[in-house]
Amino acid sequence: MAGVLERAMERARARAARVVFPEAEEPRVAAAIARMQAEGICRPVPLVAEPAEAHVTALAERRGVKPQIARRMLARPLYRAAAMVAAGEAEAMVAGADAPTRRVIEAASMVIGLAPGVSTVSSFFLMLFPGGREMIFADCAVNVAPTAGELADIARATAASARALLGEARVALLSYSTGSSGAGASVEIVRAAAEATGFPGPLQADAALNASIAAKKGAPGGGEANVLIFPSLDAGNIAYKLAQELAGAQAVGPFLQGFARPVCDLSRGARVEDIIAATAVTVAMDAPG
């Protein structure tokens with residue numbers, strides 16, 4: 001059976017989506033674009049040199065800014081790329097090889113906006129373990145100390161991403177406590193998020209992943225999770241790096257979620273192969289079926 005990256009590549013090729021790369025002149029991005037174009041993974045769309053009047057009008061109306069301010073904002077490549085996606089001139093934006101995450105999020109938030117019902121932008125890593133295990137970790141790159149409402153948003157968005165990529169979402173909201181065995185401010189945040197979403201939690205990591213331990217700890221819904229929602233950026237970032245270093249996992253991402261249209265934030269250390277994989281996954285998540 002094909003793995004998630006192979007499936008993503010197949011779906012990306014079938015869709016042939018238009019993707020705009022605002023950092024197309026960066027050598028790694030340029031090399032990735034050339035390979036993706038040759039292999040039919042996407043249709044790279046050149047970044048417009050000057051914003052069209054429709055881009056200015058859309059931004060001015062959506063954000064309530066004056067046209068001259070909108071033009072100044074659209075002088076930045078990230079904003080122009082986001083405007084092209086918002087205007088339907090591209091299906092997705094892939095950026096971040098040079099720009100920090102906060103700049104990518106800022107441009108996408110201002111120009112593309114959030115999906116209906118979403119108030120929190122978040123991220124996830126696709127974690128590929130030796131032996132074929134595929135998981136999703138969130139949020140490992142954006143939200144430092146999410147509130148219960150933000151954690152619920154992260155869990156819902158990540159579940160949707162997991163269903164699109166892995167076919168099913170077995171979500172666990174993690175904590176240092178399972179059920180009612182412990183107390184503390186962070187445990188209560190996780191408990192409130194679990195109650196709001198209906199996903200299992202709070203769960204310790206072993207109860208989330210091992211059904212027999214979940215049964216011993218009296219954790220309904222525990223065991224065999226393929227989506228781990230961490231209570232803080234500290235926990236999520238540490239966990240994915242430990243999985244890389246100790247278990248030999250491949251971490252693909254981070255991927256942004258919550259926007260009205262697909263936006264990918266590349267790691268600034270991304271290799272050509274990473275950029276290709278990230279683009280394919282971004283397109284595949286938005287593809288029907």
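**A colleague's note on a two-domain model**

1. Let's start at the place where the two halves meet. Across the interface of domain 1 and domain 2, the rule finds 1 salt bridge. Keep in mind as you look around that this is a predicted model.

2. Which residues make a salt bridge here? Glu134 pairs with Arg7, and the closest N and O atoms of the two are 3.6 Å apart. A salt bridge is counted when the nitrogen and the carboxyl oxygen are within 4 Å, so this pair makes the cut. As background, side chains of opposite charge can pair when their charged atoms come close.

3. If you want the wider tally, a search of the whole structure turns up 14 salt bridges. The Glu134 and Arg7 pair links distant parts of the chain: Glu134 is in strand E5 (residues 134-138), Arg7 is in helix H1, and they are 127 residues apart.

4. Now for the domains themselves. Domain 1 is made of 1-113 + 259-288, while domain 2 covers 119-258. Trace domain 1 on the structure and you'll see why its listing has two pieces: both 1-113 and 259-288 are assigned to it. The C-alpha centres of domain 1 and domain 2 lie 27 Å apart. On the contact itself, domain 1 puts in 20 residues and domain 2 puts in 18 residues.

5. How much area is buried between domain 1 and domain 2? About 1500 Å², with carbon and sulfur atoms giving 69% of it. Three names are worth finding on the domain 1 side: Val4, Phe259 and Met285. Together they supply 38% of the area that domain 1 buries against domain 2, more than any other three residues.

6. Polar links are there too: the count between domain 1 and domain 2 is 3 residue pairs in polar contact, both residues at pLDDT 80 or more. On the side of domain 1 that touches domain 2, the elements giving two or more residues are helix H1 (4-15), helix H6 (101-111), strand E9 (263-265) and helix H12 (272-286). H12 has the largest share of that side, with 5 residues. Sorted by class, the side of domain 1 that touches domain 2 holds 12 nonpolar, 5 polar and 3 charged residues.

7. Stepping back to the whole protein, you can count 12 helices and 9 strands. The radius of gyration is 19 Å, close to the 19 Å that the globule rule gives for 289 residues, so the protein is as compact as a globular protein of that length. Taken along the principal axes, its C-alpha atoms fill a box of roughly 60 × 45 × 30 Å.

8. Finally, some backbone details to check by eye. Most residues other than glycine have a negative phi, and most peptide bonds are trans. The bond from Gly201 to Pro202 is cis, with omega near -5°, and Pro202 sits in the loop between helix H8 (185-197) and helix H9 (205-209). Gly253 and Pro254 are also joined by a cis peptide bond, with omega about 10°; Pro254 is in strand E8 (residues 250-257). Ala16 has a positive phi, near 50°, and lies in the loop between H1 and strand E1 (18-20).

Conventions
Residues are numbered from 1 along each chain as its sequence is written. This is a predicted model: local features need pLDDT of at least 70, side-chain atom pairs count only at pLDDT 80 or more; totals for chains, interfaces and linings use all residues. Side-chain values use heavy atoms; hydrogens and water are left out. Contact means heavy atoms within 4.5 Å. Buried area is the accessible area (1.4 Å probe) that two parts lose on being put together, summed over both. A salt bridge is a side-chain nitrogen of Lys or Arg within 4 Å of a carboxyl oxygen of Asp or Glu. A polar contact is a pair of N or O atoms within 3.5 Å; within protein, one must be able to donate a hydrogen and the other to accept it, and residues adjacent in sequence count only if both atoms are side-chain atoms. Helices (H or I, at least four residues) and strands (E, at least two) are DSSP runs, numbered from the N terminus. Ala, Val, Leu, Ile, Met, Phe, Trp, Tyr, Cys and Pro count as nonpolar, Asp, Glu, Lys and Arg as charged, and the others, Gly among them, as polar. The radius of gyration is taken over C-alpha atoms; the globule rule is 2.2 Å times the number of residues to the power 0.38.
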